[in-house]
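Good morning, everyone, and thank you for making the time. Please bring the structure up on your screens, and we will go through the place where the ligand sits.

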Amino acid sequence: MSTIFGQIIEGSLPSKKVFENERILAIEDIHPEAPVHILILPKKPIASLQDLKGEDLALVGEIVQVAQKLATELGIEKGYRLLTNNGSGAGQTVFHLHFHLLGGRPLGKLG
Ligand code: 5GP
């Protein structure tokens with residue numbers, strides 16, 4: 001059974017896509033916590049950061065590049081956050097690796 005993000009990647013659930021290539025998809029978060037709240041994910045179904053294998057490390061580099069590009073395009077390059085919640089103890093709710101790109105408002109210290 002695929003996750004919500006798996007279904008979005010397959011096209012069986014709708015999403016607002018802001019970037020896509022063969023390996024990476026970026027979509028608007030359905031419940032934004034900031035004026036810019038984008039989710040950047042590998043299409044490969046990796047459950048979490050902790051499940052990432054050495055052979056897939058390049059995907060994280062590419063996600064960082066996509067975040068840089070989107071941050072510049074959206075005018076938040078001077079202040080944004082790129083984060084992933086790893087595991088339920090950190091608030092992960094969808095078990096398909098994704099990074100939150102947040103910006104467009106002052107971001108406080110991480111608690
Ligand atoms: P997590 O809590 O796992 O770090 O982040 C999951 C994120 O996915 C949340 O910010 C939540 O708002 C978002 N989300 C949950 N369901 C959907 C959906 O169907 N579509 C989109 N675009 N985002 C979703």
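**The ligand and its pocket**

Let me start with the shell around the ligand, where α1 makes the largest share by giving three residues. I should say early that what we have here is a predicted model, so please keep that in mind as we go. The shell takes in 16 residues around the ligand, and those that come nearest are Glu-28, Asp-29, Asn-85, Thr-93 and His-100. If we sort the shell by kind of residue, we find seven nonpolar, seven polar and two charged.

Now to the individual contacts. Which atoms of the ligand lie by Glu-28, and at what distance? A nitrogen atom of the ligand lies 2.9 Å from a backbone N or O atom of Glu-28. With Asp-29 the side chain is involved, since one of its N or O atoms is 2.5 Å from an oxygen atom of the ligand. At Ile-30 we return to the backbone, where a polar atom is 3.3 Å from a nitrogen atom of the ligand. On its own the ligand has 520 Å² of accessible area, and the protein covers 84% of that.

What, then, is the space taken by the ligand? That space is the largest pocket, and two elements, α1 and β2, each give two or more residues to the shell around the ligand.

The pocket can also be described by itself, with a volume of about 470 Å³. Its lining is made of 21 residues, of which Phe-5, Asp-29, Ile-30, His-31 and Leu-39 are the closest to the centre. Two or more lining residues come from each of α1 (4-10), β2 (24-28) and β3 (36-42), and the largest share, three residues, is given by α1. By kind, the lining divides into eight nonpolar, nine polar and four charged residues.

To finish, please look again at Asp-29, which is listed among the residues nearest the ligand and also among those closest to the centre of the largest pocket.

How values were computed:
Residues numbered from 1 in each chain as written. Predicted model: local features only at pLDDT ≥ 70, side-chain atom pairs only at ≥ 80, totals over all residues. Heavy atoms only, no water. 1 Å grid on protein atoms, 1.4 Å probe; cavity = no way out; pocket = protein on both sides within 12 Å on 5 of 7 lines; lining within 4 Å. Points joined across faces, edges and corners; volume = space filled by probe spheres on them. Helix = DSSP H or I, 4+ residues; strand = E, 2+ residues; numbered from the N terminus. Nonpolar A, V, L, I, M, F, W, Y, C, P; charged D, E, K, R; others polar. Near = heavy atom within 4 Å. Polar contact = N/O pair within 3.5 Å; in protein donor to acceptor, adjacent residues only side chain to side chain. Areas by Shrake-Rupley, 256 points an atom, 1.4 Å probe, with all protein chains shown as cover. Sits in = over half its atoms within 2 Å of the grid points.
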